Amino acid sequence: MKVSLLSIYLFFSFFSISGISQTKSNAKNSITIQTGYNRGFGVLGSFSVHQIAQGLPGNFRFGIGMNWLNPGNGDDARRIFINNATNGVLKKKGRSFDFRVDYMTPSKLFNLNNSYIIFGPRYSSFDANFNFIGGNETFDIKSKQWGIGLGFETFFKMSKTLDLSFATGLDYFLNSKISGHDTSYSPNDENINPRNDNQNNNVPFTFKDANDAIKQPQLMPRFMVGVLYRL
């Protein structure tokens with residue numbers, strides 16, 4: 001909830017900043033919609049303030065994305081978070097919302113004129129759902145993570161207000177607590193109600209076991225294409 005409120009605050013703050021920028025430095029704003037690969041199918045919407053201050057050559061951008069991901073191994077997730085039952089037919093799905101802030105510094109890489117090196121902080125809210133049909137077992141596994149990203153983007157003018165955009169990059173997210181049902185596993189292994197591994201002398205599962213089973217965001221390669229619209 002706090003993250004959502006912070007995101008809303010930042011979003012409207014950027015609009016306020018952009019109005020000041022237009023008055024003092026003739027800066028322009030834009031919105032971009034992109035889609036493509038982000039460790040799975042992803043969609044990203046972003047708002048940019050161009051040349052936010054005099055003498056600062058780059059752009060400042062805020063984005064919100066949604067990605068559909070492989071959530072991990074359902075059978076292992078069931079053992080690590082729920083119980084040792086093996087009945088039912090598994091259906092699984094995973095998704096993450098990511099919030100990103102980028103500074104876009106102009107670049108002449110590959111001799112492309114309207115191109116940028118981008119970098120900035122990331123925040124991810126990940127949800128994996130496992131449903132064992134016929135086994136009367138459905139549960140969600142969640143995590144929230146901070147990260148950092150680096151990438152390259154280039155734009156090709158299509159009209160006075162539209163550009164075609166191409167983006168590639170890599171986001172890295174730190175390990176974070178993984179929670180589901182009444183169990184959670186933390187990177188420091190201060191775990192809450194860990195299940196016992198019946199295939200390994202009933203020793204308690206660890207964060208490593210949970211992290212191997214649940215594919216929460218960690219390395220997230222991105223290859224996306226979209227359209228930029230100048231406001």
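**View 1. Surroundings of Phe81 in the predicted model.** In this predicted model, and leaving aside residues up to four places away in sequence, Phe81 touches Ile141, Ile178, Ser179, Gly180, His181, Thr183, Tyr185, Arg195, Ala210 and Ile214. Phe81 also belongs to the largest nonpolar core, a set of 20 residues in which Phe81, Phe130, Ile141 and Ile214 have the most contacts inside the core. Two or more residues of this core come from each of the elements α2 (74-81), β5 (115-133), β6 (137-157) and α3 (207-213). The greatest contribution is that of β5, which supplies 4 residues. Apart from this core lies another one, made of 5 residues, including Tyr116, Ile118, Phe155 and Leu228. As a general background to such views, nonpolar side chains in soluble globular proteins tend to be buried together.

**View 2. Asp76 and its distant partner in sequence.** Asp76 is placed in helix α2, an element that also gives two or more residues to the largest nonpolar core. Is Asp76 buried or partly exposed? Asp76 counts as partly exposed because its relative accessible area is 30%, whereas buried would require a value under 20%. Although Asp76 and Ala213 are separated by 137 residues in sequence, their C-alpha atoms are 5.8 Å apart in space.

**View 3. A nonpolar patch on the surface.** Trp146, Ile148, Leu170, Tyr172, Leu174 and Leu219 together form a nonpolar patch on the surface, and their combined accessible area is about 630 Å². Both β6 and β7 (162-173) supply at least two residues each to this patch. One of the patch members, Leu174, is found in the loop that lies between β7 and β8 (178-180). Leu174 has a relative accessibility of 49%, and therefore counts as partly exposed, since the exposed class begins over 50%.

**View 4. Strand β3 between its two pairing partners.** Strand β3, which covers residues 59-69, is mostly covered, with 8 of its 11 residues buried. How many bridges join strand β2 to β3? The two strands, of which β2 spans residues 41-50, run antiparallel and are joined by 10 bridges. Strand β3 is also joined to strand β4 (residues 89-107), again in an antiparallel arrangement, through 11 bridges. Within the pairing of β3 and β4, Ile64 has Phe99 of β4 as its bridge partner.

**View 5. Ser48 in strand β2.** Ser48 lies in strand β2 and stands opposite Arg61 in β3. Ser48 counts as buried because its relative accessibility is 3%, which falls under the 20% limit for that class. Not counting residues up to four places away in sequence, Ser48 touches Lys28, Asn29, Ser30, Phe60, Arg61 and Met104, so that Arg61 appears both among these contacts and as the residue opposite Ser48 in β3.

**View 6. The whole chain as context for the close-ups.** The protein chain holds 3 helices and 12 strands, and 45% of its 231 residues count as buried. Of the contacts between residues at least 6 apart in sequence, 65% join residues at least 24 apart; the chain exposes about 12300 Å², of which carbon and sulfur atoms supply 61%.

How values were computed: Residues are numbered from 1 along each chain as its sequence is written. This is a predicted model: local features need pLDDT of at least 70, side-chain atom pairs count only at pLDDT 80 or more; totals for chains, interfaces and linings use all residues. Side-chain values use heavy atoms; hydrogens and water are left out. A nonpolar core is a set of buried Ala, Val, Leu, Ile, Met, Phe, Trp, Tyr and Cys residues joined through side-chain atoms within 4.5 Å. Buried means under 20% relative accessible area, exposed over 50%, partly exposed in between (1.4 Å probe, protein chains only). Contact means heavy atoms within 4.5 Å. Patches are made of residues with over 30% relative accessible area and no salt bridge: like charges are joined within 9 Å, nonpolar side chains (Val, Leu, Ile, Met, Phe, Trp, Tyr) within 5 Å. Accessible areas come from the Shrake-Rupley method with a 1.4 Å probe; for residues, only the protein chains shown count as cover. A salt bridge is a side-chain nitrogen of Lys or Arg within 4 Å of a carboxyl oxygen of Asp or Glu. Two strands pair if DSSP finds at least two bridges between them.
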